[in-house]
Amino acid sequence: MTTFTPIGMSATKRSFTAALCLSAAVLAGWPAFAAGASDTDAERLERWQEISKSIFGDRKLEPTDALIKVDAPPRALDAALVPITLTMPEKDRIAAIHLIIDDNPSPYAAHITFGPAADPSEVKLRVRINNYTNVHAVAETKDGKLYEAVKFVKASGGCSAPMGMSDEEALKGAGDMKMKFAEGGAGKPMEATLMIRHPNFSGMQMNQVTRDYTPARYINKLDVSANGKLVFSMNGDISIASNPVINFGLAPDSKGPIKVVAMDNQQGHWEHSFNTPSPSN
Amino acid sequence: MIRIVSAAALTLFALSGSVPPVHAAGPADSPVNVPEPEGFWTGAPKGYTPKTLKGATVVDIDALDSLAAEKPVMIDVALADQKPAGFPTDRPWLPAHRSIPGSVWMPGAGAAPMDPAREAQFLSRVAYLTGGDKSKPVVTFCHPECWGSWNAAKRLVQNGYSRVHWFADGVEGWQDRHDTTILKVDAAWAAKPAGEAQR
């Protein structure tokens, strides 16, 4: 059996953390195993290989610091609401992106496929994080190749954090939506923020009074289109935070109405249309 | 005997300057002066916990690091992640319990009330891990604001262990300074106690 030796470990672990921070700062987007070869790195790499195999099978993933970047606060204030920014600088090559939170029990947080009405240069969303973990972003290019980037995020307890209200209260108004637009200027993509009221119950949240687990109820499919052309389609998961908020870009020539179709795993189905703002000049 | 190792707890006591009031066993609505329950805590498993545990030592990460040289028996009683009912079969469900390296993970061992056979199994497992020496240092932990490890420590105090330590900050307090490792449920604990097979 392994012995408990925190003293002996602290020096190496601290330097590991330091190395990781350094690698995050200097080599933003590089996989964690570049940080060094401690047991922990090996364990995290093994974990990632297990997950990526379960999602991508035998397809090869190449590290990238150009095609996709994943950004998150190094230390999240609220583990149930961790903002993630995915940046795809070579947007014209991007067909889809995958977001994976390695140490969440359900690691595959989101799969987003872009359509012709999208500007896939940036996507922001908010997730739950269960433990200090690597967060992987995988870009799928139009020629069918996969590229991975990683960021270590410090947060914990997000998947099981209760919502602080009754289930009925949390479900009130589920499916209500709002959309905000920010114009990028002439020829620039328009940025849109979609907000959906939905508790996105993870199924891992215990009702503190009855000690039953609130059944999982979460948005598992989200389709956004502009005037009939697909912007993006997302497969979501229990790792998406309650009251999902997603920022995305619309291709410069995309005009409204923007139609959103959201579905949850309990046969919830909601549709809303939003008009894009008319040019101000 | 009450020994408070945490400086933060000392400050809290200095500020309040009085004995914590004892009131009914509803969840505390403030982290300050949470009273110790008479016996085990049987209320909601998550909530503000006391800064003390009669008969045990409350340790923070500094105290735990100092204790490490004595190789205490580390007992993690955190609950396992609950797989949501109806979780889609085409998505990966890969729970990984990250914890303090070298710990023995007995999820739910801080439950109260606890089935007597299960409690006996817990005690016999701890007896094995301590080599039958009730003066060997033992540390219980789970997560912050988790009563399970408080109860588990209480259970050991009641059963004559003289050097019980409660690490209230749990895995989160640990991972702030050290790295964690993925643990499997203790094999002996995973096996149901004799006579419980049909449960």
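In the predicted model, strands β4(A) and β7(A) run antiparallel and are joined by seven bridges, with A:E140 of β7(A) serving as the bridge partner of A:A96. On the β8(A) side, β7(A) is again paired in the antiparallel sense, here over eight bridges, and A:V138 stands opposite A:E148 of β8(A). The strands β7(A) and β8(A) form a hairpin with four residues between them, and within the turn A:G144 has a positive phi of about 85 degrees. Eight of the nine residues of β7(A) are buried, so this strand is largely enclosed by the rest of the structure.

These pairings belong to an open sheet of nine strands in chain A, which has the order β1-β8-β7-β4-β5-β12-β11-β14-β15 and mixed pairing. The edges of this sheet are held by β1 (61–63) and β15 (269–274) of chain A, each of which has a single partner strand, so that one side of each is left without a neighbour in the sheet. From one strand to the next, the twist of the nine-stranded sheet averages 20 degrees. Elsewhere in the same order, β5 (residues 108–114) and β12 (residues 229–235) of chain A pair in the antiparallel sense over four bridges, and A:T113 is found opposite A:S233 of β12(A). Helix α2(A) packs on the sheet, where it touches β1, β4 (94–101), β5, β7 (133–141) and β8 (146–153) of chain A, and the direction of the helix makes about 35 degrees with that of β7(A).

The geometry of this helix was examined next. Helix α2 of chain A comprises 18 residues (residues 39–56), which at 1.5 Å a residue should span 26 Å; the C-alpha atoms at its ends are 25 Å apart, in agreement with that expectation. The buried residues of α2(A) are A:T40, A:R44, A:W48, A:I51 and A:S52, and because they cover an arc of only 95 degrees around the axis, they lie on the same side of α2(A). The other side of α2(A) carries the exposed residues A:A42, A:E46, A:Q49 and A:K53. Just after α2(A), A:G57 takes a positive phi of about 60 degrees.

A further open sheet in chain A is formed by six strands in the order β2-β3-β6-β13-β10-β9, with antiparallel pairing. Here β2 (69–71) and β9 (177–182) of chain A stand at the edges and have a single partner strand each, so one side of each is left without a neighbour in the sheet. The twist of this sheet averages 15 degrees from one strand to the next. Within it, β10 (residues 190–196) and β13 (residues 245–250) of chain A pair in the antiparallel sense over six bridges, and A:L194 is placed opposite A:I246 of β13(A).

At the level of the whole chain, chain A has three helices and 15 strands, and 44% of its 281 residues count as buried. Of the contacts in chain A between residues at least 6 apart in sequence, 68% join residues at least 24 apart.

Chain A also touches chain B, in a contact that takes 36 residues from chain A and 33 residues from chain B. On the chain B side, the elements that give two or more residues are α2 (61–67), α5 (170–175) and β8 (181–183) of chain B. By class, that side has 16 nonpolar, eight polar and nine charged residues.

Methods: Residues numbered from 1 in each chain as written. Chains lettered and ligands numbered in written order. Predicted model: local features only at pLDDT ≥ 70, side-chain atom pairs only at ≥ 80, totals over all residues. Pairing = 2+ DSSP bridges. Axes fitted to C-alpha atoms, helices over the stretch in contact; angles between N-to-C directions. Buried ≥ 20, exposed ≤ 12 C-beta atoms within 10 Å, placed from the backbone. Contact = placed C-beta atoms within 7 Å. Expected span 1.5 Å × (residues − 1). Arc of directions from axis to C-beta. Nonpolar A, V, L, I, M, F, W, Y, C, P; charged D, E, K, R; others polar.
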